[in-house]
There are 2 protein chains.
Amino acid sequence: MDQEYASSLLENAVRELSRLPGIGRKTALRLALHILRRDESEGVALGESIIDLRKNIRYCRVCHNISESELCPVCGSAGRDHSCVCVVENVRDVMSIENTGQYAGVYHVLGGVISPMDGIGPDQLEIDSLVERVKAEGVKEVILALAATMEGDTTNFYIYRKLGNIPNLKITQLARGMAVGNEIEYTDELTLGRSILQRTLFCDSFNS
Amino acid sequence: MDQEYASSLLENAVRELSRLPGIGRKTALRLALHILRRDESEGVALGESIIDLRKNIRYCRVCHNISESELCPVCGSAGRDHSCVCVVENVRDVMSIENTGQYAGVYHVLGGVISPMDGIGPDQLEIDSLVERVKAEGVKEVILALAATMEGDTTNFYIYRKLGNIPNLKITQLARGMAVGNEIEYTDELTLGRSILQRTLFCDSFNS
């Protein structure tokens, strides 16, 4: 055989599939052969859904969440509290928070966190648009919901400095402490230390 | 949000991707968001390569390997020994043997092995076409290259019974024994026992 895979069609599909994260050439080949074994309609549906996704998806003008129209369903909803903006790193975080069913405000997707190691500075993130938005729209609270990492903390602090001088704006961050279901013994010291310092009133836990 | 993913395009792509083997909804979402982050051309190329693959690939009329024309490159090659047919379970096995660079004959892809547990009988495999082919084309040797499992052995034996009465036909199977690089101590007893019974002349190992 001239080429490794007997067919340039297979070769192509394997090459394209193996560009996906976590998918090497062996897995890509397995996927391609699986697609070949199934109905033609199934393979075509997969291919078309990917093309559709990439060609037709847009980003919300206000919060930069993915959307099919100019405004995402959250920003477009009259039932959400538009005076409370939750700042998240990416689209997946929006989904995670939405899935809790505990949040009725709107979002602002930064598109990453400040990370000098990866060459990501504040200019590459949607921080300026956040500041403009908060100033223009009469936002009352900004919730910083970034990862509890060095990069997340840096970004939190940067945003805090940019927003801190806006009058009557409450800036909050996600509670940090023991995960629900965790045992004291297995909670790391830093987290446990914070949980003690930032202990909350016991009655709050069943009143809310 | 009405739906889990803010966008039906994303929802579609995730559903189609998660039909692939070993890809759950979380991984599918990660892949879809990765596709969204990359260039549009890359996503479109992936989608099109999958559609192309599924729509345009064919199977070789003779050996049932995947092909882009009526005959696969192996069956169509004048440089291969068409009197030696290597019987394999699937397309991936053809690639594995081709990659060794040690085989100059042709193949016959069964499409599986006999497995009553999975409801796969001889009728669902390309065994009849193998028998016809061997009878019609003056094949001199059939190499049984199926997995060294119960199912593989059953299939080997079934094929042997179908072909055993053809005069002047040599039926062989892959050598079974210690893997190259293995230590005696860690080789399982069955394999080691076979390796002793089917020991080969030492001089053969460097003459060939």
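The paragraphs below go through the two chains, their contact surface, one helix and three single residues.

The model is predicted: local features need pLDDT of at least 70, side-chain atom pairs count only at pLDDT 80 or more, and totals for chains, interfaces and linings use all residues. Residues are numbered from 1 along each chain as its sequence is written, while chains are lettered from A and ligands numbered from 1 in the order in which they are written.

Chain A is divided into domain 1 (8-56) and domain 2 (77-177 + 186-191), with bounds that come from an automatic or database domain assignment. The centres of these two domains of chain A, taken over C-alpha atoms, are separated by 36 Å.

The two chains can be superposed. A turn of 180° with a shift of 0.0 Å along the axis lays chain A on chain B with an RMSD of 0.1 Å; the fit is by least squares on the C-alpha atoms of residues with pLDDT of at least 70 in both copies. The two copies are therefore related as by a two-fold rotation axis. Gly47(A) is the residue of chain A that comes closest to this axis, with its C-alpha at 2.0 Å. Both copies use the same surface, since 100% of the contact residues of chain A recur in chain B.

That surface involves 49 residues of chain A in contact with 49 residues of chain B, where contact means that the C-beta atoms, placed from the backbone, lie within 7 Å. On the chain A side, two or more residues come from each of α1 (8-17), α2 (25-37), α3 (40-56), β2 (66-67) and α4 (91-100). Helices (H or I, at least four residues) and strands (E, at least two) are DSSP runs, numbered from the N terminus. The largest share is that of α3(A), which gives 16 residues. By class, this side of chain A has 27 nonpolar, 9 polar and 13 charged residues. Here Ala, Val, Leu, Ile, Met, Phe, Trp, Tyr, Cys and Pro count as nonpolar, Asp, Glu, Lys and Arg as charged, and the others, Gly among them, as polar.

Helix α6 of chain A (residues 150-163) has 14 residues, which at 1.5 Å a residue should span 20 Å, and its end C-alpha atoms are 20 Å apart, in agreement. The expected span is 1.5 Å times one less than the number of residues. In α6(A), Thr155(A), Asn156(A) and Ile159(A) are buried. These residues are on the same side of α6(A) because they cover an arc of only 105° around the axis, taken from the directions from the helix axis to the C-beta atoms. A residue is buried if 20 or more other C-beta atoms lie within 10 Å of its own, exposed if 12 or fewer, and partly exposed in between, with C-beta atoms placed from the backbone. Met150(A) and Arg161(A), on the other side of α6(A), are exposed. The buried residues of α6(A) pack against β3 (81-88), α5 (127-137), β5 (141-144) and β6 (170-173) of chain A.

Cys63(A) lies in the loop between β1 (58-59) and β2 of chain A and counts as buried, with 24 C-beta neighbours inside 10 Å. Beyond its neighbours within four places in sequence, its contacts include Cys72(A), Cys75(A) and His108(A). His64(A), found in the loop between β1 and β2 of chain A, has a positive phi of about 70° although it is not a glycine. His64(A) is buried, with 23 other C-beta atoms within 10 Å. Asn168(B) also has a positive phi, of about 60°, without being a glycine, but Asn168(B) is exposed, with 7 other C-beta atoms within 10 Å.

Notes
Contact = placed C-beta atoms within 7 Å.
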